[in-house]
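Subject: A structure for you to explore

Hi,

Here is the structure I promised to pass on. Have a look around it, and then read on for what turned up.

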Amino acid sequence: MFCEKCGAKAKEGAKFCEECGERLKKPVKKAKKKMKHLSKKNKIIIGVVSVLVLILVIFFIVCSNIYKPKTIAVNYFEAIINNDYDALYDYLDVDNKDFTSKKVFKELVKEDEASNEVVNYRVTSSSVSSDGLSANVTIKYVTNDSDNETATINLVKDKKNKMLFFSNWKVNNANLETIKNYEVKVVKGSTVEVAGIKLDDYKDDEKSDDDFDVYVLPEVFTLEYPVKITYPMGVTIDTSIEPSTYYNGSTLELDVDDISDDTKNEIENAILKDIQVIYDSAKDNKNFSDIKSNFEYENGDLTELEASYNDFKEDLNGRSTKLTEIKFKEVEISDIKITDDGTLQVDFNADYDYKATYELFGETETSDNDGTTYSSMTFAYEDGYKLTDFDDLKYYFY
């Protein structure tokens with residue numbers, strides 16, 4: 001304690017200053033402030049806010065990792081090696097419409113599955129361009145029958161962010177490019193299906209003409225699409241189109257290798273029936289009027305068929321060797337095409353057994369043999385294949 005007047009130090013308990021005699025005052029002890037305790041409500045609020053802040057921090061860390069180029073590229077690569085077509089489709093920047101729908105995409109890429117299984121992989125590099133608009137992620141992997149292979153996945157950043165804050169990286173894969181307004185051209189009056197979708201609603205009347213119908217598909221993948229065509233003359237073929245950025249359409253011509261087995265069998269049976277009638281009638285020297293009913297159909301013009309039959313009958317019977325019996329066993333189509341007048345021209349070879357007679361030193365001899373004719377027949381289609389003409393039937397036998 002000190003004297004307030006002279007500042008001298010005073011003894012403990014003294015009432016007067018020994019130096020100046022001034023009466024000393026007792027120091028007043030300051031009361032200790034009482035600590036206020038937080039209420040239960042405030043504690044709950046602080047706890048909730050702390051948890052929310054922690055959740056937000058974790059959310060930003062997790063989402064930043066989810067949406068970075070490396071993660072997107074790895075997820076895309078895994079979708080490929082696991083044949084996860086649903087996930088792969090979500091990486092595409094296309095409209096979910098007829099020819100670019102998820103259903104169509106899954107059917108198309110199933111036909112393109114890789115045979116080699118990836119047994120292990122790792123990311124070797126991940127880099128973003130200096131302008132921040134693109135990125136490349138390189139992955140090394142091993143398949144079940146190869147050494148190390150490398151895949152580089154290119155990504156581009158969309159101008160719209162994910163959830164406002166996170167960069168929206170998209171895989172930029174040229175193999176999954178699309179083409180807009182792809183044209184499909186077929187013989188007029190044909191029924192066409194692409195990936196199981198009938199093209200009736202996509203016909204472009206302005207581009208179509210008297211010979212061909214043109215269909216315009218709004219958007220297609222650069223993948224192979226299955227196509228089914230039924231031509232006006234009854235021929236059904238299974239073929240395909242594979243759109244490419246190098247051309248903007250396909251003309252679907254008739255190819256014998258694309259004809260369905262049922263259609264091929266129907267045409268071959270028509271050939272067997274008609275060729276047997278022609279040979280049997282010609283060797284017996286029948287007039288065309290006698291056999292005309294075998295070929296007649298509504299509005300059918302048999303003028304060319306009659307002329308071909310009469311010429312063939314004359315050639316067959318004008319030789320020294322006379323055909324007495326013939327039996328056709330099998331027909332194989334070698335080529336097929338649609339003529340300018342819309343009929344079906346079929347090139348084929350037909351195997352047969354036959355008997356023929358000839359004169360040798362005044363004696364009649366019989367030849368019993370087999371052979372093949374390489375010929376052509378033309379058909380119209382009217383509730384079946386109706387013969388309208390033929391050419392190159394063999395008329396000489398030995």
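Which residue lies over the face of Phe212? That would be Lys185, placed at 4.8 Å from the ring centre. Please keep in mind as you read that this is a predicted model.

Aromatic rings

There is plenty to see here, as the structure holds 19 aromatic pairs. One of them is formed by Tyr89 and Phe105, and this pair is tilted, with 5.6 Å from centre to centre and 55 degrees between the planes. The two partners come from distant parts of the chain: Tyr89 sits in helix H3 (residues 85–90) and Phe105 in helix H4 (residues 102–110), 16 residues apart. Are these rings buried or exposed? Tyr89 counts as buried because its relative accessibility is 7%, under the 20% cut-off. Phe105 is buried too, with a relative accessible area of 1%.

Next, look at Tyr279 and Phe397, a pair with an edge-to-face arrangement: the centres are 6.4 Å apart and the planes make an angle of 80 degrees. This pair also links distant parts of the chain, since Tyr279 belongs to helix H5 (residues 261–283), while Phe397 is in the segment after strand E15 (385–391), 118 residues apart. Both Tyr279 and Phe397 are buried. They also belong to one aromatic cluster, whose members include Phe312, Phe328, Tyr352, Tyr354 and Phe390.

On the surface

Now turn to helix H1 (residues 40–66), where you will find Val48. Together with Ile44, Val51, Leu52 and Ile55, Val48 forms a nonpolar patch on the surface, and the accessible area of the five together is about 440 Å². Val48 itself is partly exposed because its relative accessible area is 45%, which falls between the 20% and 50% cut-offs.

For an exposed residue, try Asp131, in the loop between strand E1 (118–128) and strand E2 (134–143). Its relative accessible area is 52%, so Asp131 passes the 50% cut-off for exposed. How far apart are the C-alpha atoms of Asp131 and Thr321? They are separated by 89 Å, and the two residues are 190 residues apart along the chain.

The start of the chain

Finally, an unreviewed UniProt entry carries the annotation "domain: Zinc-ribbon" for residues 2–23. In this model, that stretch is 0% helix and 0% strand, and its end C-alpha atoms are 11 Å apart.

Enjoy exploring!

Best wishes

Note on methods. Residues are numbered from 1 along each chain as its sequence is written. This is a predicted model: local features need pLDDT of at least 70, side-chain atom pairs count only at pLDDT 80 or more; totals for chains, interfaces and linings use all residues. Side-chain values use heavy atoms; hydrogens and water are left out. Patches are made of residues with over 30% relative accessible area and no salt bridge: like charges are joined within 9 Å, nonpolar side chains (Val, Leu, Ile, Met, Phe, Trp, Tyr) within 5 Å. Accessible areas come from the Shrake-Rupley method with a 1.4 Å probe; for residues, only the protein chains shown count as cover. A salt bridge is a side-chain nitrogen of Lys or Arg within 4 Å of a carboxyl oxygen of Asp or Glu. Helices (H or I, at least four residues) and strands (E, at least two) are DSSP runs, numbered from the N terminus. Buried means under 20% relative accessible area, exposed over 50%, partly exposed in between (1.4 Å probe, protein chains only). Rings of Phe, Tyr and Trp (its six-membered ring) pair if their centres lie within 6.5 Å; planes under 30 degrees apart count as stacked, over 60 as edge-to-face and the rest as tilted. A charge sits over a ring if NZ of Lys or CZ of Arg is within 6 Å of the ring centre and within 35 degrees of the ring normal. UniProt positions are given in the numbering used here, feature names are shortened, and annotations may be inferred rather than shown by experiment.
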